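Subject: Handing over a structure, with notes

Dear colleague,

I am passing a structure on to you, and I would be glad if you could keep it open while you read the notes below.

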Amino acid sequence: MSLGELVKTVRALSPQSTLGGAVTGVAIDRKGYQSAVFTVITGAIGGTPDATTCAVQITECATSGGTYTNISGATATLTIANTVAEVNLEIGGNLGFLQLSETTTFTGGSTPTLLLGATCTLGKFSGLYPV
């Protein structure tokens with residue numbers, strides 16, 4: 001059995017240049033999977049901000065279009081360009097859909113931007129939903 005048969009990687013947040021503020025990723029159906037790793041990647045910081053913070057929160061919901069709530073402890077913070085952060089989750093008892101929320105904050109400077117994107121790798125396929 002190959003690794004590709006044991007995991008599934010999906011887009012969590014399309015690569016983009018953000019001017020700051022909140023961005024919400026796509027709804028991820030975790031059906032049959034018992035773990036997830038969200039990988040957030042920042043690229044170049046444009047403009048001249050004095051400081052940059054990229055705060056990530058993973059949320060869950062019973063339906064793809066419903067109201068998502070935070071998963072306790074499922075966070076990451078990135079403060080420099082060209083950085084990778086991972087949020088590892090055991091999701092066996094969680095609701096059916098996961099989603100990444102990201103908030104970029106710039107301090108000072110002019111015309112700041114941040115390149116970022118994210119993926120989610122689902123693992124421990126059980127074929128059961130929910131567990």
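What follows is an account of what was found in it, going from the overall fold to single residues.

Please bear in mind throughout that this is a predicted model. The protein contains zero helices and nine strands, so that, read along the sequence, its pattern is β-β-β-β-β-β-β-β-β. Its C-alpha atoms fill a box of roughly 50 × 35 × 20 Å along the principal axes, and its radius of gyration is 16 Å, which agrees with the value near 14 Å that a compact globule of 131 residues would have. Of the 131 residues, 41% count as buried. If one takes the contacts with a separation of 6 or more, residues 24 or more positions apart account for 82% of them.

The sheet

One open sheet is made of four strands, in the order β1-β9-β4-β7 and with antiparallel pairing. Its edge strands are β1 and β7, each of which pairs on one side only, and neighbouring strands are turned against each other by 15 degrees on average, direction ignored. As general background, strands of a sheet pair through backbone hydrogen bonds, either parallel or antiparallel.

Two of the pairings can be followed residue by residue. Between β4 and β9 there are 11 bridges in the antiparallel sense; within β9, Cys120 is the bridge partner of Phe38, and Gly117 is the bridge partner of Ile41. The antiparallel strands β4 and β7 are joined by seven bridges, and here Val37 stands opposite Asn88 in β7.

The nonpolar core

Which residues touch the most other members of the largest nonpolar core? In this core of 27 residues, they are Phe38, Val56, Ile58, Leu89 and Leu100. At least two residues of the core are supplied by each of β1 (8-18), β4 (33-46), β5 (51-61), β6 (69-78), β7 (84-90), β8 (97-107) and β9 (113-125), and the largest share, five residues, comes from β9. It is a general tendency in soluble globular proteins that nonpolar side chains are buried together.

Leu89 may serve as an example of the surroundings of one core member: not counting residues up to four places away in sequence, Leu89 touches Gln34, Ser35, Ala36, Phe38, Ile58, Ile71 and Ala74. Ile71 in turn has its place in strand β6 and is buried, with a relative accessible area of 10%. Leaving aside neighbours within four places in sequence, Ile71 is in contact with Gln57, Ile58, Thr59, Glu60, Leu89, Asn94 and Leu98. The C-alpha atoms of Ile71 and Ala22, which are 49 residues apart along the chain, are separated by 17 Å.

A buried threonine

Thr52, which lies in strand β5, counts as buried at 8% relative accessibility. With neighbours within four places in sequence again left aside, the contacts of Thr52 are Ile45, Leu78, Thr79, Thr104, Thr105, Phe106 and Leu114.

The cysteines

How many disulfides does a search of the whole structure find? The search finds zero. For Cys54, which is in no disulfide, the nearest cysteine sulfur is that of Cys120, 16 Å away; Cys54 counts as buried, at 1% relative accessibility. Cys120 is likewise in no disulfide, the nearest cysteine sulfur being that of Cys61, 16 Å away, and Cys120 is buried, with a relative accessible area of 0%.

Backbone angles

Two residues deserve a separate mention for their backbone angles. In general, most residues other than glycine have a negative phi. Thr111, although not a glycine, has a positive phi of about 40 degrees; Thr111 is found in the loop between β8 and β9 and is exposed, with a relative accessible area of 65%. Lys124, which is not a glycine either, has a positive phi of about 55 degrees, and Lys124 is found in strand β9.

With best regards

Technical notes. Residues are numbered from 1 along each chain as its sequence is written. This is a predicted model: local features need pLDDT of at least 70, side-chain atom pairs count only at pLDDT 80 or more; totals for chains, interfaces and linings use all residues. Side-chain values use heavy atoms; hydrogens and water are left out. A nonpolar core is a set of buried Ala, Val, Leu, Ile, Met, Phe, Trp, Tyr and Cys residues joined through side-chain atoms within 4.5 Å. Buried means under 20% relative accessible area, exposed over 50%, partly exposed in between (1.4 Å probe, protein chains only). Contact means heavy atoms within 4.5 Å. A disulfide is a pair of cysteine sulfur atoms within 2.5 Å. Two strands pair if DSSP finds at least two bridges between them. Axes are lines fitted to C-alpha atoms, for helices over the stretch in contact, and angles run from 0 to 180 degrees between N-to-C directions. The radius of gyration is taken over C-alpha atoms; the globule rule is 2.2 Å times the number of residues to the power 0.38.
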